[in-house]
Amino acid sequence: MAGEIVAAEPTVNFLSYDDMHRVLAPLRLAIVKVLAGQGALPIREVARRVNRDVQAVHRDITTLVNAGVIDRMDNGVSFPYERIHFEFDVSAAA
């Protein structure tokens with residue numbers, strides 16, 4: 001109520017480790033790494049940088065956009081951050 005300004009940190013949350021792993025499977029994580037801090041890149045350029053088929057990369061990009069991990073822009077796709085930080089808890093099964 002004091003009106004203090006608090007810096008917001010963008011986050012993406014997953015309900016489980018399995019959900020995170022499904023969305024950020026190794027080939028998709030490679031896409032995110034290529035995009036990190038690069039600004040918007042056309043999908044064809046992303047495919048070239050990860051050395052994969054454009055259609056397969058397009059499918060993976062759609063999954064990443066739908067999960068809120070990357071952004072679709074007029075001139076391509078973007079992950080406007082320099083780094084990725086993972087934090088998760090592991091607890092005993094119920």
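The buried residues of helix H2 pack against H1, H3, H4 and strand S2, the last of these covering residues 76-78. I should state at once that this is a predicted model. Which residues of H2 are buried? They are Arg28, Leu29, Ile31, Val32, Val34 and Leu35.

Allow me to dwell on the arginine in that list. Arg28 lies in helix H2, and its relative accessibility is 17%. The cut-off for a buried residue is under 20%, so Arg28, at 17%, counts as buried. What does Arg28 touch, once residues up to four places away in sequence are set aside? Its contacts are Arg22, Val23, Asp60, Thr63 and Leu64.

A second arginine offers a useful contrast. Arg44 belongs to helix H3, which runs over residues 43-50. Is Arg44 buried or exposed? With a relative accessible area of 63%, Arg44 is exposed, whereas Arg28 is buried. In sequence, 16 residues separate Arg44 from Arg28, and their C-alpha atoms are 15 Å apart in space.

I turn next to two backbone positions. Just after H2, Gly37 adopts a positive phi of about 70°. Asn51 also has a positive phi, of about 60°, although it is not a glycine. As general background, most residues other than glycine have a negative phi. Where is Asn51 found? Asn51 sits in the loop between H3 and helix H4, the latter spanning residues 54-66. Asn51 is exposed, its relative accessible area being 71%.

Gly37 also leads us to the segment after S2, where Tyr81 lies. Tyr81 touches Gly37, together with Pro10 and Ala36, again not counting residues up to four places away in sequence. Tyr81 and Ala36 are 45 residues apart along the chain, yet 5.5 Å separates their C-alpha atoms. As for accessibility, Tyr81 is partly exposed, at 36% relative accessible area.

Let me now consider the largest pocket. Its volume is about 940 Å³. Which residues of its lining lie nearest the centre? Of the 27 lining residues, these are Pro10, Thr11, Val12, His85 and Phe86. Pro10 is thus one of the residues nearest the pocket centre, and Pro10 is also a contact of Tyr81. Helix H1, residues 17-23, and helix H2, residues 26-35, each contribute at least two residues to the lining. By class, the lining comprises 16 nonpolar, 5 polar and 6 charged residues.

Finally, the chain as a whole. The protein chain contains 4 helices and 2 strands, and along the sequence they follow the pattern α-α-α-α-β-β. How does its radius of gyration stand against that of a compact globule of 94 residues? The chain has 16 Å, while such a globule would have a value near 12 Å. Along the principal axes, the C-alpha trace spans about 45 × 40 × 20 Å.

Buried residues account for 28% of the 94 residues. Of the contacts between residues at least 6 apart in sequence, 55% join residues at least 24 apart. The chain exposes about 7200 Å², and carbon and sulfur atoms supply 52% of that area.

To return to the starting point: H2 carries buried residues that pack against H1, H3, H4 and S2, and H2 also supplies at least two residues of the lining of the largest pocket. Thank you.

Conventions. Residues numbered from 1 in each chain as written. Predicted model: local features only at pLDDT ≥ 70, side-chain atom pairs only at ≥ 80, totals over all residues. Heavy atoms only, no water. Buried < 20%, exposed > 50% of the residue type's maximum accessible area, 1.4 Å probe, protein only. 1 Å grid on protein atoms, 1.4 Å probe; cavity = no way out; pocket = protein on both sides within 12 Å on 5 of 7 lines; lining within 4 Å. Points joined across faces, edges and corners; volume = space filled by probe spheres on them. Nonpolar A, V, L, I, M, F, W, Y, C, P; charged D, E, K, R; others polar. Rg over C-alpha atoms; globule rule 2.2 N^0.38 Å. Contact = heavy atoms within 4.5 Å. Areas by Shrake-Rupley, 256 points an atom, 1.4 Å probe, with all protein chains shown as cover.
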